[in-house]
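Me: I have a model open on my screen and would like to talk through some of its side chains. Could you take my questions one at a time?

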Amino acid sequence: MVAKWGAAFEMSGLGLCFTCVETQGRIWKCLQNRGVILTPKLPQVELSLACNDLVASGRDRKPNALVQVAVIDPHQQHLVTQACTEIVEANKDPLFLTGVTFPSEYPASPETLVKLTVYDSKDKSQESSNFLGSATFSVGDLLRAKDERLTLSLRSSDGVCAAGTVVVSRLKMGEMEEVDVDHITTDIPPQKCPLVCDSASHACVDRENYPLTGPVFKNPVCKVYRFQTMDSKWMLVREQMEECTLSFSIPRQLLSLYIQQDMNRVQDLRELGELSPHWDNLRKEVMARYGGIIGYYQETLAELDKITGRSFKPSCCKAQKSLEFIPINLHTQRMRVTCPRKTGILSRLRQGASSSPRLKDAFYDIVTVGAPAAHFQGFKCGGLQRLLSRYEAEKKSFSTAYQCIYYSPEHTAKAQEVLSTVSLLQPLITSSADQLLQAAQERSSTGLKDVLKKLSDKTEQFVHTLKDELVKSALLALHAAQPGYVSKNQKPTPAQAGQHQGHVHQCSEQNPSPVQGLPGHSPATSVTESTVMCNNVDGSQTTTKGEGGTLPLKHQDSIPHHKEYDEEEWDRVWANVAKCLNCVIAMVDKLQEEDNNRQEPVPEQQLADVITSHNPGDWKEQLCPLVTRLKDCVMEVVGKAKRAMTFVLLQEAACSIPQGFLLQQRRDVVFSQALAALACGFVMRLYAGMEDKGFLRQLQLVGLVAQFESLLSTYSEEIGMLEDMEVGISDLQRVVFKITEAKTDDLSDLQPLVCGRRDHFTVEVPLPRLVFQTLPEEIKEGKPLQVFPVLFNVGINEQQTIAERFGDISLQERINQKNFEMLEAYYKSLSEKVPLECLPCFQTQTDVKELLETLGQNVVTKKRKNVEILWIAGSICRRLNGIRFTSCKSAKDRTSMSVTLEQCALLRDEHQLSKDCFIRALDCMRSRLTQGDIGQWEDPEAGAVTENKPASRHFYPIALLLVSSHLLVVWLILSLVFLLAKYQ
């Protein structure tokens, strides 16, 4: 189904989950009764088609038949093409496996007129087809017919010749229909078998209100098939593909957060105060760079706000500048499988049994998206992984050129972490302190105890975050960067001033990375040394007298000593926070002890004295000065820490000009695409498991694994795409999810929201009140839910053949090995915290541990196009209740090939799809017939004649690439020889 919607929706991908419909419908039915429509209704009328006695244009051959289905638009009174069957080759009595559904924009009603047009595709390799005949009926005629089945004569173009008949049947549950199996394939001997299908409107379970999609999905496109099982019965397979509103809403929210974060960074730089000329110039240059990024992001956001009604970005727009933050072809697809009833059950039904067991439907959810990459910026110099490695290697030379301190990525990340943590904890501490005073005013001992515990936890976390040598050294460096700062024993002379320019470079080379002086962090003396030199750019050089004359100042003699700054001040400041907290705790203990003593029996006169001497306001009055002092100390520490860490980031940004800003912009683009896809998959998986207690327990205790399957080659520009994708998927580790209660049941209030900053984002998923109340308590309390992204890549196209024979595939090998270790670690954590009963069951009872061992062996095995890595990783993900994604360059050809092959494999392994029907089912799902193609076929009655063939075009299975890879290599070598000859 993925491939044949290519013209209307460029999509594909796979992320699978498994659940039962039986446990679902109650909540969702209740929601609809309250007016909350979480899902579009599934088609209520589904048709199956067959033909008899078709006459081909050539009497000596059997037709290759297919049927085009169209309805008459009740408003416009013209034909609207709805669906098309697959091609059944060389059969005058074809039975089509592809059924017909009616989409939401043209719902079936008794008055709906349906036109069936039968074509003969002469040869799949030719672009031509012949019109055989057509027939028209109304849905009402079908519903009134016996057994809801019509046999219609096909009218030829001249209206005289008999072209055969077409049989239309409504797919329904529990009915027995005798069907000649040789209509399906000529390889199976003729026999009779029961056709048992289950429709959405006639099932035992009310499936109309099942949360198939949700408020973030729209424009569903449905397809229905009936496939034969190994016991000669029939299963019903429905596919529903949808667009996702998160394709645009998540990037919009991220852009707003990026803009706000960069504006805050500019404001923090302004609040550093007066700096020496050198540092002030660097600050102005960094602020100008931030201003350029802010302006560009604001323009992009304004362009995105102009787009209305669009829910995905097609591949033709992947290099469009205004859409570079939008993921390519982000779609979801659900394959729902209804297995046939057992014969014994049907017999009891015919005998009038009062009840029957419900059918269990299997759902396999799919998320497809183009590779998250900066397509607009291009891949001439590689992708993020290569660019970041090169940037870090060159960063030291940048710090020398700009005369600033080099900070390693670990130090920069630590500075960002301190800023983020302090900004998060400070309002929580203030709020808890106010709550403590409120509890004291109410004289609530229980309230005091609970609030004090919360205040203590947050304050201790706050103090622990700031107990870091990086903060202290950064404060010293900041003071050294102020105007007029001099080192200890520094006495500049005019003669020394002329020697400064050469000496600065020399000292910078001798101490290129003073931050590396300590394990983890730099000493204060090292950090400030280069800062002092930068301050003396317009002044003099620090020297000291020695026996041999004037010598450069030694490392240990350049410790900065500002007359207005005490080096131990920071230790006292942040320690005061802990001291103030201890005072508050001691006062609360004292008040509670006094309260307990007053509750003991005492004489009436003493009790009256106690009441007189202690009025209700005493607790608050005694606590208020201590709490106020605590809040003041916290504010003072926050101010100093923010300025210190901002100075660290200023130096990091100054060393990054301009490469660092360009890389950050590229990283923002890639992350935006990756997060939109992840949020889409998380929401879809959450909706599917709302009443699965085992799934919710796993989500709460461990989190979910999100497995990204990539089909990119390690050749040419796709190497850059894979390098971008690797970093983007890795950055998703900074994302957590929270489930919240929606303010109202309006669909606009059910859209996920993103908050946070670049080093940590939170995606809030609101649910209606009735649904939210069914969740575990910890999830309802806002516990962050973890997602563990892993990426496995195996190139499968002809470019990968070149890479494996003549190029380098080390990038792919490294990615697969690294992510295998992450997946193995996730399973170990899951098995320790969650019982195996919480995981889904499959027909193929392969142990996850065994699958992991097999995956590990395949990862280290040197094998060309080892697609077993993808198959095993996908199987593990499904067994771990994970979210599955499939990607290639544009989420079209390779992605659809992988998706359809995996779906058919699931039908074979989990639902006993007949081996003889496997290829036919694969062809049905891969048919690329689209509405645009169908509308141009030769139809004499419509007056449109064209030579376009109505035959399906197929993608070929992965195995074909493996078998014929040597042919591809020969073709590529000949092509290279031709190009060399041409240019010589």
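Me: Which residue does Asp724 meet in a salt bridge?
Reply: Happy to help, and please keep in mind that this is a predicted model. The side chain of Asp724 comes to 3.1 Å, N to O, from its partner in a salt bridge. The two sit in distant parts of the chain, Asp724 in helix α18 and the partner in helix α16 (residues 659-688), 58 residues apart. Both residues are buried, and the partner of Asp724 is Arg666.

Me: Which residue forms a salt bridge with Asp668, and how far apart are the N and O atoms?
Reply: Asp668 lies in helix α16, while its partner is in the loop between β19 (753-757) and β20 (760-767), so the pair ties together parts that are 90 residues apart in sequence. Asp668 is buried because its relative accessibility is 3%, below the 20% limit. The partner, with a relative accessible area of 11%, is buried too. That partner is Arg758, and the N to O distance is 2.9 Å.

Me: Is Lys284 buried or exposed, and what about Asp280?
Reply: Lys284 and Asp280 form a salt bridge, with their closest N and O atoms 3.5 Å apart. They are four residues apart in helix α4 (residues 277-306), which means that about one helical turn separates them. Lys284 has a relative accessibility of 52%, and because the limit for exposed is over 50%, Lys284 counts as exposed. Asp280 has a relative accessible area of 18%, under the 20% limit, so Asp280 is buried.

Me: How many salt bridges does the structure hold, and which residues are linked in a network?
Reply: As a general point, side chains of opposite charge can pair when their charged atoms come close. In this model the salt bridges number 28. The residues linked in a network of salt bridges are Glu709, Arg878, Arg884 and Glu902.

Me: Which residues form the negative surface patch?
Reply: Two helices, α22 (810-833) and α23 (848-860), each supply at least two residues of this patch. Asp847 is found in the loop between those helices, α22 and α23. With a relative accessible area of 35%, Asp847 is partly exposed, so it passes the 30% cut-off for patch residues. The patch is made up of Glu821, Glu824, Asp847, Glu850 and Glu853.

Me: Which side chain does Ser713 contact?
Reply: Ser713 lies in the loop between β17 (704-710) and α18 (717-731). Its relative accessibility is 0%, so Ser713 counts as buried. A polar contact of 3.4 Å joins the side chain of Ser713 to that of Gln799.

Me: And which side chain does Gln240 contact?
Reply: You will find Gln240 in strand β12 (residues 234-244). Gln240 has a relative accessible area of 6%, and because that is under 20%, Gln240 is buried. A polar contact of 3.3 Å links its side chain to the side chain of Glu242.

Me: How far apart in space are Cys624 and Asp434?
Reply: Cys624 has its place in helix α15 (residues 618-656). With a relative accessibility of 28%, between the limits of 20% and 50%, Cys624 counts as partly exposed. Cys624 and Asp434 are 190 residues apart in sequence, and from C-alpha to C-alpha the distance in space is 9.4 Å.

Me: What is the phi of Asp53, which is not a glycine?
Reply: Most residues other than glycine have a negative phi. Asp53 has its place in the loop between β1 (46-52) and β2 (65-72). Asp53 is partly exposed because its relative accessible area is 49%, short of the over 50% needed for exposed. Asp53 is not a glycine, yet its phi is positive, at about 55°.

Me: What is the phi of Glu148?
Reply: Glu148 is found in the loop between α2 (139-144) and β7 (149-155). Its relative accessible area of 17% is under 20%, so Glu148 is buried. Glu148 is not a glycine either, and its phi is positive, at about 50°.

Technical notes: Residues are numbered from 1 along each chain as its sequence is written. This is a predicted model: local features need pLDDT of at least 70, side-chain atom pairs count only at pLDDT 80 or more; totals for chains, interfaces and linings use all residues. Side-chain values use heavy atoms; hydrogens and water are left out. Patches are made of residues with over 30% relative accessible area and no salt bridge: like charges are joined within 9 Å, nonpolar side chains (Val, Leu, Ile, Met, Phe, Trp, Tyr) within 5 Å. Accessible areas come from the Shrake-Rupley method with a 1.4 Å probe; for residues, only the protein chains shown count as cover. A salt bridge is a side-chain nitrogen of Lys or Arg within 4 Å of a carboxyl oxygen of Asp or Glu. Lys and Arg count as positive and Asp and Glu as negative; His and the chain ends are not counted. The place of a charge is taken as NZ of Lys, CZ of Arg, CG of Asp or CD of Glu. Buried means under 20% relative accessible area, exposed over 50%, partly exposed in between (1.4 Å probe, protein chains only). A polar contact is a pair of N or O atoms within 3.5 Å; within protein, one must be able to donate a hydrogen and the other to accept it, and residues adjacent in sequence count only if both atoms are side-chain atoms.
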